[in-house]
Amino acid sequence: MSNKPVLVYYSLDCFIQVDDTVLSHLANDFKVVWFYLYESMQANTMRYNPEKAQEYADKYGITMEIVDPKMRRRNPKNILFYKNLAKRINSYNPDIVYACEMFPFWMLTYRYVKCKNKVYGIHDVLPHYEKASIIKKWILKKKEQYIKQKFDHIVTFSKNQQALLKEHFGKDSDMVGMSYKYFGDSKLSPSPFENGVKILFFGIISHYKGLDLLIQAMEELKLDGVNNLQLTIAGRGESWSECLPLIKTPELYNLQVRFIENAEIPDLMGSHHFIVLPYRSATQSGPLVAALGYGIPVVAPSFGCFTDTVNNDTAILYEQGSLKDALQKVSRMTRFEYEKMREAMAVLREQYSEKNIAANYIKAFKKVLNKKN
């Protein structure tokens, strides 16, 4: 019989690419019970499905619990679902419960979970409210205030968010970081650098991610006579309708504006020279950790998770408002300079291995367990 402490790990599909890099390692130190929220009403956007989650759990000796509300997030019946969820968690008599949950109804679960050692993960200390209604903004702000006021044990995922939490809410946290993300091998490689530079924008198209700024910069560079850049746009999102009218020169772009399957990511990463992340604000970035996984140099503004993660050897970091200049620098780069950046990315990648990042979680959770209540 195992003497490992019982860890209930509750996760959402939107964070699955973070969670599946650490769960297998956590199972070495904890008896892990993985509660995975699978929303069948949004099955077409789910990265995982119950079968894939169960396969992962079986591989690493993890107890699997698939939970499915089978209703929209705004449905009041969620109250009963989340209260019953607390009962299911309590049935395992956990020593520690961890969640990185965004939905307000989750607070009911935490309220009824009997375990004293509750750890909350926060990706965005100051969430992106751009497109939210007034009511939704109010609910989200109230939920965030409650979390940061009530929870003693918090983990953050970058130095900048750790600092923001302390600055705005006076709360300390354990910064665990995020590992690089690797989706599998690709047989593709970028075309010769001298034949043109292929740059990639990848992920959800939201206003704060600045795709409109990138398209504007591409069009301006074309007018200035820069002809060796081609941009692939891979992803979808609510802000695409704002971006499409900005495209004046279609031949500059490879448009893949749709849901991108995980299986497609290796070839996307393998066929481009740079990934460009022109964010207006940044807490964490999934495309950034994917770039780390594939050793692709980055073009990004010099703030937030970008300066926390990459440096001038591995990225072209620019002051906000200077994206055009950064892309011009890319267009003038030599193959030798580019290869040096690739080599530096390969070295940096090892600092963000799954094992190293999971060790930070284990240290944080054990600190909570060893703390006197």
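**Exercise 1. Identify the rings over which the charged end of Arg 349 sits in this predicted model.**

Solution. Begin with Tyr 182: the charged end of Arg 349 is placed over this ring, 5.6 Å from its centre. Next, examine Tyr 180, where Arg 349 lies over the face at 3.9 Å from the ring centre. Both distances can then be compared with the cut-off, which requires CZ of Arg to be within 6 Å of the ring centre.

**Exercise 2. Classify the aromatic pairs that Tyr 361 forms with Tyr 98 and with Phe 157.**

Solution. A search of the whole structure yields 21 aromatic pairs. In one of them, Tyr 98 and Tyr 361 stand 6.3 Å apart, centre to centre, with 80° between the planes, and the pair is edge-to-face. Tyr 98 belongs to strand β4 and Tyr 361 to helix α15, so this pair links parts of the chain 263 residues apart. Tyr 98 is buried, at a relative accessible area of 1%, and Tyr 361 is buried with a value of 1%.

Turn now to Phe 157 and Tyr 361: their centres are 6.4 Å apart and their planes differ by 55°, which makes the pair tilted. Because Phe 157 lies in the loop between β6 and α7 while Tyr 361 is in helix α15, the pair ties together parts 204 residues apart in sequence. Finally, ring pairs join these residues with Tyr 9, Phe 30 and Phe 365 in a cluster.

**Exercise 3. Describe the lining of the largest cavity.**

Solution. The volume of this cavity is about 40 Å³. Its lining consists of Met 218, Leu 221, Lys 222, Val 226, Leu 229 and Leu 252. By class, five are nonpolar, none is polar and one is charged. Helix α8 contributes the most, with three residues.

Note on methods. Residues numbered from 1 in each chain as written. Predicted model: local features only at pLDDT ≥ 70, side-chain atom pairs only at ≥ 80, totals over all residues. Heavy atoms only, no water. 1 Å grid on protein atoms, 1.4 Å probe; cavity = no way out; pocket = protein on both sides within 12 Å on 5 of 7 lines; lining within 4 Å. Points joined across faces, edges and corners; volume = space filled by probe spheres on them. Helix = DSSP H or I, 4+ residues; strand = E, 2+ residues; numbered from the N terminus. Nonpolar A, V, L, I, M, F, W, Y, C, P; charged D, E, K, R; others polar. Phe/Tyr/Trp six-rings, centres within 6.5 Å; stacked < 30°, edge-to-face > 60°. Buried < 20%, exposed > 50% of the residue type's maximum accessible area, 1.4 Å probe, protein only. Lys NZ or Arg CZ within 6 Å of the ring centre and 35° of its normal.
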